[in-house]
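Visitor: Hi! Could you walk me through how the chains meet in this one?
Guide: Happy to. Let's bring it up and start.

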Protein chains: 4
Amino acid sequence: MSTVRVGVVGAGNMGADHVRTLHRFVSGAEVAAVADTDEARAASAAALAPGARPTGDAHALIADPGVDAVVIASHDSTHAELAVAAVRAGKPVLCEKPLAPTTEECASVVRAEQRAGGGLISLGFMRRFDPAHAELKAALAAGACGTPLLLHCVSRGVSAAPGCTDASGVTGSAVHEFDTVPWLLDSPITEVSFHAARPSPAAAGLRDPKVMLLRTADGVLTTAETFLNAGYGYDIRCEVVGERGTLALTDPARLVTDADRTRSTGHPADWRPRFADAYRLELQAWTDAIGSGRAAPRGAAPLATALDGLTAAAVADAVLASMNDGGRTVAVRAPEV
Amino acid sequence: MSTVRVGVVGAGNMGADHVRTLHRFVSGAEVAAVADTDEARAASAAALAPGARPTGDAHALIADPGVDAVVIASHDSTHAELAVAAVRAGKPVLCEKPLAPTTEECASVVRAEQRAGGGLISLGFMRRFDPAHAELKAALAAGACGTPLLLHCVSRGVSAAPGCTDASGVTGSAVHEFDTVPWLLDSPITEVSFHAARPSPAAAGLRDPKVMLLRTADGVLTTAETFLNAGYGYDIRCEVVGERGTLALTDPARLVTDADRTRSTGHPADWRPRFADAYRLELQAWTDAIGSGRAAPRGAAPLATALDGLTAAAVADAVLASMNDGGRTVAVRAPEV
Amino acid sequence: MSTVRVGVVGAGNMGADHVRTLHRFVSGAEVAAVADTDEARAASAAALAPGARPTGDAHALIADPGVDAVVIASHDSTHAELAVAAVRAGKPVLCEKPLAPTTEECASVVRAEQRAGGGLISLGFMRRFDPAHAELKAALAAGACGTPLLLHCVSRGVSAAPGCTDASGVTGSAVHEFDTVPWLLDSPITEVSFHAARPSPAAAGLRDPKVMLLRTADGVLTTAETFLNAGYGYDIRCEVVGERGTLALTDPARLVTDADRTRSTGHPADWRPRFADAYRLELQAWTDAIGSGRAAPRGAAPLATALDGLTAAAVADAVLASMNDGGRTVAVRAPEV
Amino acid sequence: MSTVRVGVVGAGNMGADHVRTLHRFVSGAEVAAVADTDEARAASAAALAPGARPTGDAHALIADPGVDAVVIASHDSTHAELAVAAVRAGKPVLCEKPLAPTTEECASVVRAEQRAGGGLISLGFMRRFDPAHAELKAALAAGACGTPLLLHCVSRGVSAAPGCTDASGVTGSAVHEFDTVPWLLDSPITEVSFHAARPSPAAAGLRDPKVMLLRTADGVLTTAETFLNAGYGYDIRCEVVGERGTLALTDPARLVTDADRTRSTGHPADWRPRFADAYRLELQAWTDAIGSGRAAPRGAAPLATALDGLTAAAVADAVLASMNDGGRTVAVRAPEV
């Protein structure tokens with residue numbers, strides 16, 4: 001099994017985190033290059049992995065013969081173009097979600113991948129690698145709560161990213177639920193509806209928190225809350241209600257403190273501590289799949305594929321349609337690819 | 001403050017529980033009589049309170065000059081008629097929920113009470129007296145989570161009562177949520193929609209679990225799950241999501257056990273252990289209000305009134321209308337009284 | 001069952017609390033009189049129970065023919081004398097712990113009670129009535145963890161009472177453990193040792209927190225921590241380790257709050273919220289025993305007796321002997337009575 | 001940074017786990033060889049890391065020029081001899097605890113290491129790398145509970161290893177506490193005492209559970225329970241009681257299940273799931289230290305050293321002395337090295 005030389009495109013928080021994780025914690029991977037339009041940022045991320053070369057040119061990184069595989073962690077709007085470039089170069093890609101902001105763009109990426117022979121793109125739905133989510137899926141599959149009937153999902157963060165809109169909150173953030181729910185249930189989302197809560201004064205005009213009802217083909221109903229400006233912390237919850245009981249994620253805190261008349265555990269400020277293990281295991285699984293001599297991570301479950309990204313984007317489209325049409329129930333339709 | 005001589009109508013589980021609680025734990029109350037159409041059952045409940053006289057005739061109990069006040073815990077279908085009889089006799093009533101199965105009947109009871117001068121009927125929405133719910137309301141009012149935006153309520157039981165229908169599940173069981181939510185928020189429910197989960201194989205044809213979306217006048221959205229055949233235990237949850245944080249009920253178990261590879265707490269089999277304190281405090285508040293010389297418990301907050309019962313019934317009607325019309329959003333309309 | 005007319009001696013926090021609880025929440029009891037050497041304090045506590053007569057003279061209260069039974073909640077140093085006066089008057093007594101600060105005084109009270117025919121004194125070891133402790137004892141008795149082997153008890157408060165000494169911390173506070181442990185195990189404490197932790201800077205010279213090892217006749221070992229100046233809150237814990245598992249009290253908080261990067265539950269500032277139910281149920285059981293026509297609450301388990309108070313005092317003596325002798329193991333010896 | 005070629009000695013549960021972890025999850029490490037006196041076992045562990053050579057001869061593995069560094073996970077009785085052989089060969093060693101079963105043997109290893117220039121041996125006190133223990137230490141150092149006063153440690157397992165004695169339970173198992181406590185407090189253990197609980201019927205003659213009192217130089221008292229035959233699961237707890245509050249490890253379970261009248265989380269059957277991350281991070285830190293060009297992991301805190309192993313062994317000796325002398329308090333004395 002040879003070392004996989006990885007090029008990372010995008011050196012913001014997410015990209016830099018991937019550089020550090022690949023370098024420090026992933027067996028069999030080596031960060032060969034880091035690209036960012038801001039070259040100083042590229043240099044500073046590259047410095048996290050001695051030997052990694054910084055560049056301002058993502059396409060040069062993709063073409064670099066010293067790069068075996070590409071991680072895309074640049075702005076959402078660039079994902080599709082970069083992913084297509086990588087598959088044309090015949091290189092495996094791990095692309096951060098979303099695959100693209102629109103379903104049409106997602107579909108064009110999937111088609112480009114198919115023309116290149118398929119199986120080259122993995123999508124960064126890292127919750128599939130979160131040990132807690134993985135245990136939940138395994139317990140569900142083992143019948144621990146009987147037939148699943150109803151899910152309650154909650155995703156809260158401290159504050160929305162700058163420039164966030166109601167649409168990007170759905171396509172770029174709630175999209176996690178649109179992958180997690182069908183992955184947990186092994187059943188696709190077929191219809192959705194959108195329901196605004198009372199908007200938070202802190203949400204500056206956004207419809208936040210949002211409640212979405214998702215119906216999967218198996219008949220299960222999911223209530224999904226996303227609250228980008230929850231203020232108090234980063235908090236991801238999921239409960240599956242089955243015919244004989246329920247399964248739910250626990251509070252992941254490791255320390256409990258008694259002080260000042262309270263017993264408390266801490267909430268992280270963002271996704272990094274919460275999903276550090278998930279990202280590490282995702283990068284490890286992706287590296288293993290490539291390094292094992294397979295041309296691509298095809299079939300390396302539970303890595304999400306480009307098609308999973310397209311499918312989630314189609315759900316996001318339906319949610320936006322419901323949001324813009326008084327909360328009516330909208331059927332999910334993914335374009336032919 | 002003189003002793004309040006209480007007559008209890010209905011000697012099933014609920015009535016017998018009230019007899020025992022009044023006798024053993026309520027200061028200033030004495031159970032004078034117990035009525036049930038099944039006289040043996042009346043006798044056996046009366047035996048729980050030495051001195052209480054059993055009878056097969058509820059109307060005789062209401063007319064009895066040795067009865068100062070009446071608790072109604074008979075079948076839902078009899079509540080309205082008995083409550084009206086009691087108010088006509090000028091006696092304070094604590095009526096188990098629902099006030100009546102239909103909004104029209106509820107309205108007629110409210111009108112009868114108004115003709116009798118008002119303020120005679122209290123309704124058994126005992127969650128208002130549950131110390132946990134009371135703390136939740138107090139913390140909310142104190143601004144502990146900022147402006148409330150979204151509520152998540154869950155009510156689960158082991159199995160539906162015999163003869164339960166989708167309609168009675170809403171009017172007789174989910175009705176608790178229809179009172180608790182506006183009471184917590186100090187804002188009436190204005191519109192609702194109904195959403196079936198995948199029906200439980202254990203639910204024998206019922207739409208169970210149910211999800212309801214409730215909108216209050218303040219704009220807050222509530223997701224309310226009721227699952228009558230949850231199987232695993234009796235479990236009541238409520239979380240308020242506010243602009244700065246959340247407030248939620250804890251697991252009320254008092255004991256944690258480590259055994260057989262698990263750490264566990266117990267779930268009660270029904271409402272009795274969960275709400276024993278709530279019923280006791282409700283009966284105490286009702287007794288205090290009557291014994292303090294007020295002709296009626298008028299204004300003895302947080303005792304629910306007949307009007308609260310009518311209001312909750314109108315919400316139930318709207319939920320049933322949504323259930324029978326594909327889950328569309330239905331406005332709540334209470335009849336004029 | 002006739003109403004029990006109760007006289008309460010001592011109108012500090014504890015006495016006033018008993019007045020309020022008896023008046024508002026205990027079925028079958030009526031507060032007839034309240035005594036305190038500070039007459040204004042007596043009056044203000046009496047005002048909590050309309051009809052109760054304040055007095056500055058505890059002995060007059062005891063002699064009062066309108067008083068059927070006496071609650072003693074005055075200073076620890078007065079318990080013995082007042083309890084003896086009450087039993088000489090033939091009246092049932094509920095005496096706050098400790099029965100007396102020394103074993104010898106406790107023994108003299110027990111002898112006085114025996115001369116009066118016995119069975120008149122109950123001792124306020126209210127933890128026996130705490131629903132959580134009661135569940136723990138019941139689960140233990142039901143074999144839920146197999147044979148008990150080891151106990152871990154923790155009692156923490158915000159700050160020691162003014163004037164507290166190392167000795168009074170043992171005889172007046174840790175004494176709760178000296179009753180709870182043998183009551184839970186149905187086995188007397190036979191030897192003890194004392195082990196100082198690093199003294200808290202907040203403890204102003206006291207040996208606080210303290211660790212005591214208690215050995216019961218059944219061979220079980222108990223580690224008992226008492227920390228009077230724990231600062232963070234009032235917190236009582238108990239875990240029984242058995243051959244097949246463990247049983248422990250849960251956090252009794254009813255509300256969980258997410259805010260400011262933490263998930264938290266509250267700790268009470270003192271014993272009142274934590275043991276409100278225990279005190280209520282203790283007073284109810286005591287009232288029931290007297291009102292049921294028994295001359296005294298003899299045998300009304302789990303009410304603690306004067307002998308239980310003497311037994312606990314003898315354990316406290318042994319702990320003090322160990323504390324004053326380098327932590328050596330000391331056998332418990334109760335005086336003959 | 002070059003790849004570190006690791007030889008693993010011992011292919012039982014622990015050794016095989018290290019092989020798998022090094023191969024799959026440790027960046028910069030490669031398993032070059034696996035030795036076990038049982039050659040079939042060596043082969044089967046080597047198969048977990050393609051490319052690793054199995055051998056029946058540990059000394060040949062140590063001498064192998066293709067092995068840069070050695071992990072010792074063979075029987076406790078062989079640790080000292082193998083560690084000495086490795087340091088004589090100038091190779092860094094990660095030795096599973098204990099360094100040796102007796103203090104004298106530990107001291108001789110430390111002396112051998114010093115003669116070789118020092119800094120070559122790391123000891124497998126992996127709890128230092130457990131993210132929960134690391135957070136606890138960090139919070140303590142940050143003053144989150146004020147000055148530490150008292151610790152409560154609990155270590156429970158399902159059943160003792162075959163052949164376990166009271167002595168090996170202390171030197172081979174409780175030894176974890178003898179390292180964790182001084183590491184957390186930055187203060188050495190100076191005196192100890194041993195206190196038997198009632199022996200578990202399941203413990204087949206062992207004094208199990210055991211309670212030890214440990215006093216550190218800073219005056220803090222630790223109560224340490226070890227219960228090898230706890231039956232119910234593998235469960236590690238630690239609470240630090242400070243002047244202003246407490247810090248404690250949480251239940252590490254990731255999933256909560258409602259079923260059969262209980263809410264439950266799972267306990268692992270042994271140390272592997274509980275400390276998988278700790279072992280991985282320990283191996284990563286050790287690999288990083290070696291690969292970074294340092295001849296040895298000297299100073300790569302928090303890796304434990306041979307001296308830490310000797311220090312813990314001296315505490316174990318004192319505990320055994322107390323156990324064999326009626327529980328008297330025994331001072332800890334480490335031999336000069």
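Visitor: How many residue pairs are in polar contact across the interface of chain A and chain B?
Guide: In this predicted model, there are 16 such pairs between chain A and chain B, counting those with both residues at pLDDT 80 or more.

Visitor: And which elements on the side of chain A that touches chain B give two or more residues?
Guide: They are β7 (148–156), β8 (189–196), β9 (210–216), β10 (221–227), β11 (235–242) and β12 (245–249) of chain A. β7(A) gives the most, with six residues.

Visitor: What's the mix by class on that side of chain A?
Guide: The side of chain A facing chain B has 17 nonpolar, ten polar and nine charged residues.

Visitor: How much area is buried between chain A and chain B?
Guide: About 2,600 Å², with carbon and sulfur atoms giving 61% of that. On the chain A side, A:L149, A:R198 and A:E243 lose the most area, together 24% of what that side buries. As for contacts, 36 residues of chain A touch 35 residues of chain B.

Visitor: Salt bridges there? How many between chain A and chain B?
Guide: Four. One salt bridge links B:R237 with A:E239, where the closest N and O atoms are 2.9 Å apart.

Visitor: Switching over, which side chain of chain D meets B:R237 in a salt bridge?
Guide: That is D:D258, at 2.8 Å from N to O. So you can pick out B:R237 in a salt bridge with A:E239 as well as in one with D:D258, under the N-to-O cut-off of 4 Å. Between chain B and chain D the count is six salt bridges.

Visitor: How much area do chain B and chain D bury?
Guide: About 1,400 Å², and carbon and sulfur atoms give 43% of it. B:Y232, B:R261 and B:R263 supply 49% of the area chain B buries there, more than any other three residues. In contact terms, 19 residues of chain B meet 19 of chain D.

Visitor: How many residue pairs are in polar contact across chain B and chain D?
Guide: The total is 14, again with both residues at pLDDT 80 or more. On the chain B side, β11 (235–242), β13 (255–259) and β14 (262–266) each give two or more residues, and β14(B) has the largest share, five residues. By class, that side divides into five nonpolar, seven polar and seven charged residues.

Visitor: What does β14(B) pair with in chain D?
Guide: Strand β14 of chain D, residues 262–266: the two run antiparallel and are joined by five bridges. Within that pairing, B:S264 has D:S264 as its bridge partner.

How values were computed: Residues numbered from 1 in each chain as written. Chains lettered and ligands numbered in written order. Predicted model: local features only at pLDDT ≥ 70, side-chain atom pairs only at ≥ 80, totals over all residues. Heavy atoms only, no water. Contact = heavy atoms within 4.5 Å. Buried area = accessible area lost by both parts, 1.4 Å probe. Polar contact = N/O pair within 3.5 Å; in protein donor to acceptor, adjacent residues only side chain to side chain. Helix = DSSP H or I, 4+ residues; strand = E, 2+ residues; numbered from the N terminus. Nonpolar A, V, L, I, M, F, W, Y, C, P; charged D, E, K, R; others polar. Pairing = 2+ DSSP bridges.
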